[in-house]
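Here is a short report for a first look. Start with the view below, then read on.

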Amino acid sequence: MIDIDVQKDLGGFRIDAKVTTDTNGVIALFGRSGSGKTSLVNMIAGLTRPDSGRIVIDNEPLFDTARGIDVAPEHRRLGYVFQEDRLFPHMSVMANLRYGAPRGAPGVQFDRIVDLLGIRHLLKRRPVTLSGGEKQRVAIGRALLADPRLILMDEPLASLDSARKDEILPFIEELSSELGMPIIYVSHAMDEIIRLADKLVLISDGEIAAVGSVEELTSRLDLRPMTGRYEAGSVLHATVSHHNVEHGLTHLSFNNNTFRVPLLDLPKDRELRIRIRARDVSIALTAPQDISILNVFPGTITEIDEDGSPQVDVLIDIGAPIWARISRHSLSTLNLHPGKKAYVMIKAIAIGRYSLGGLTRSGMPSNAQ
Amino acid sequence: MLGLTEYETAALLLSLKVAVVSVLVCLPFGLGAAWLLARMEFFGKVAIDALFHLPLVVPPVVVGYLLLVLFGRSGPLGGWVFDHFGISIAFTWKGAAIAAAVMAFPLMVRAMRLSLENVDQRLEAAARTLGASRLRVFGTITLPLMAPGILVGVILAFARALGEFGATITFVSNIPGETQTLPLALYSLAQTPDGETGAMRLALISIVVALIALIISEWLAKRIDRRRGANR
């Protein structure tokens, strides 16, 4: 359980954040650059002092102006993985990893984390000799070995290219699933959040704009200015129902519908999230026939998001809300309006591994080729 | 010793003693001053900064004279020290060490301050989140990362102390075996008829000592570099 209510004046920019949420799994803190994400996380970690308010984690007050409490960062037991690796340059990887470990910490834990992160072969090296991805893995290991109750991650992938991101993401997924470590994950990249997070906290102009499940918040029209138009899409919560190896497809079920995607290397009954980008969804008024698109669902239009651009986003309820991005021209020729029945079409191959996020993970979902 | 005359040996050993002691005395104060200037914001910082740099710009004779006024047996500090500890400072090697320390102080502070300003405070913050107290962070992160600057500061201060002349001769005079360091001995010989050979020998000794100090510092700097993995 985390309970935050803090205020701070940062010279022209004001943080006034109030949020209460449980600390299971991965909580994503999402917002544009300059929205106050890092400031808020620094306050939680104790590196920045709020002007007023309180921070309580698992019933332990870490900061409370009313009661005069301000626990030093070293006593908060919060791990922090920064945007830059912040490894100590004058120490070996081994010494970095052990820096925060409690005296007499069991070696079993060390071995487990080192193996989980795949950094055993790096132990004797110096940070300067590591690649960006390796550095960030060591930084994660170092934070973990300090035995924190929760780990804060401030855009840990921001400085990495996409290949390096793929190297790290599975590890972060495993921290949560294998080690049960609660994580507050700061990001402005929706694809990372879909993949990792169970819960989303939206921050905008220093204030908490919304808290909820990833599925719920990404489909809300009023939050679109924050969740981003280009990134627009919807998130479905589905279960693996069976694999059609002959055709190379996996069938996922959601709300008594079947969604077909390229074959996934996942066990049956695995729950996962699928992200469907609005631009991969099209609309028809009659049930389409003789087409290549595998996923066709009947539904009802619930909302239309017009902002004057040639594109329009239409929200269709097919048992779950799905955003479709179509041209304004199509909107008027098809005469679409809320309440109208329509068919939603989604290409199976639009669902790549970047679109998937596990819910009860025990390995990373990936498209088997 | 090493073919040196008794006179030369005395001057050399005294010089080394004075320089080493002055550097050791300087170190904690230099570190504190560097911290004050690099990490703290307070009213009057500019004035404090100027005060620390004063020995660098004021004629050494002036510094020596002020020290004499302060630390003389009847001076405010000298009288107090003598009354409480029975130690007299003026006209002793201790006074020479103080003069050298004061003159070397600005050089040491400058080097340390620069290196401290270059220590990434984000690393210190990271160490705090890993459970390290301020003191542990200072000892395990700040100090090791400052090491090259501390080394430069120590070498500069040592060289300055070894070469100190004006403040020393004004403050503690030129007493063979007590306050006559290498530069003072050289000065005396240069004033003496037929002293040229002796003066040249002392000049050579000074050069050799300085060179040895430089070589040791280079070697230490390389070791620090290697420990930080700069060249694997």
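How many residues of chain A are in contact with residues of chain B?

## Where the chains meet

This is a predicted model. In it, 19 residues of chain A are in contact with 19 residues of chain B. On the side of chain A that touches chain B, strand 7 (residues 78-81) of chain A gives the largest share, with 3 residues.

What kinds of residue make up this side of chain A? The side that touches chain B has 11 nonpolar residues, 4 polar and 4 charged.

## Two domains in chain A

Chain A splits into two domains. Domain 1 covers 2-225, and domain 2 covers 233-358. Taken over C-alpha atoms, the centres of domain 1 and domain 2 of chain A are separated by 33 Å.

The two domains of chain A also touch. Here 11 residues of domain 1 are in contact with 15 residues of domain 2. Two helices of chain A, helix 6 (190-196) and helix 7 (214-218), each supply at least two residues of the domain 1 side that touches domain 2. Helix 6 of chain A gives the most to that side, with 4 residues. By type, the domain 1 side that touches domain 2 of chain A holds 4 nonpolar, 2 polar and 5 charged residues.

## A sheet of five strands

Next comes a sheet in chain A. It is open, has 5 strands and follows the order 16-20-17-18-19. The pairing is antiparallel. Which strands form the edges? They are strand 16 and strand 19 (321-327) of chain A, and each pairs on one side only. On average, neighbouring strands of this sheet are turned by 45 degrees against each other, direction ignored.

## The edge at strand 16

Strand 16 (residues 281-284) of chain A runs antiparallel to strand 20 (residues 341-346) of chain A. The two are joined by 4 bridges. Within this pair, Val281(A) stands opposite Ile346(A) of strand 20.

Which residues of strand 16 lie on its covered face, and which on its uncovered one? Val281(A) and Ile283(A) form the covered face. Ser282(A) and Ala284(A) form the uncovered face. Val281(A) thus appears twice: on the covered face of strand 16, and opposite Ile346(A).

## The edge at strand 19

At the other edge, strand 19 of chain A pairs with strand 18 (residues 311-317) of chain A. This pairing is antiparallel and spans 7 bridges. One residue pair can be picked out here: Val314(A) has Ala324(A) in strand 19 as its bridge partner.

Notes: Residues numbered from 1 in each chain as written. Chains lettered and ligands numbered in written order. Predicted model: local features only at pLDDT ≥ 70, side-chain atom pairs only at ≥ 80, totals over all residues. Buried ≥ 20, exposed ≤ 12 C-beta atoms within 10 Å, placed from the backbone. Pairing = 2+ DSSP bridges. Domains from an automatic or database assignment. Contact = placed C-beta atoms within 7 Å. Nonpolar A, V, L, I, M, F, W, Y, C, P; charged D, E, K, R; others polar. Axes fitted to C-alpha atoms, helices over the stretch in contact; angles between N-to-C directions.
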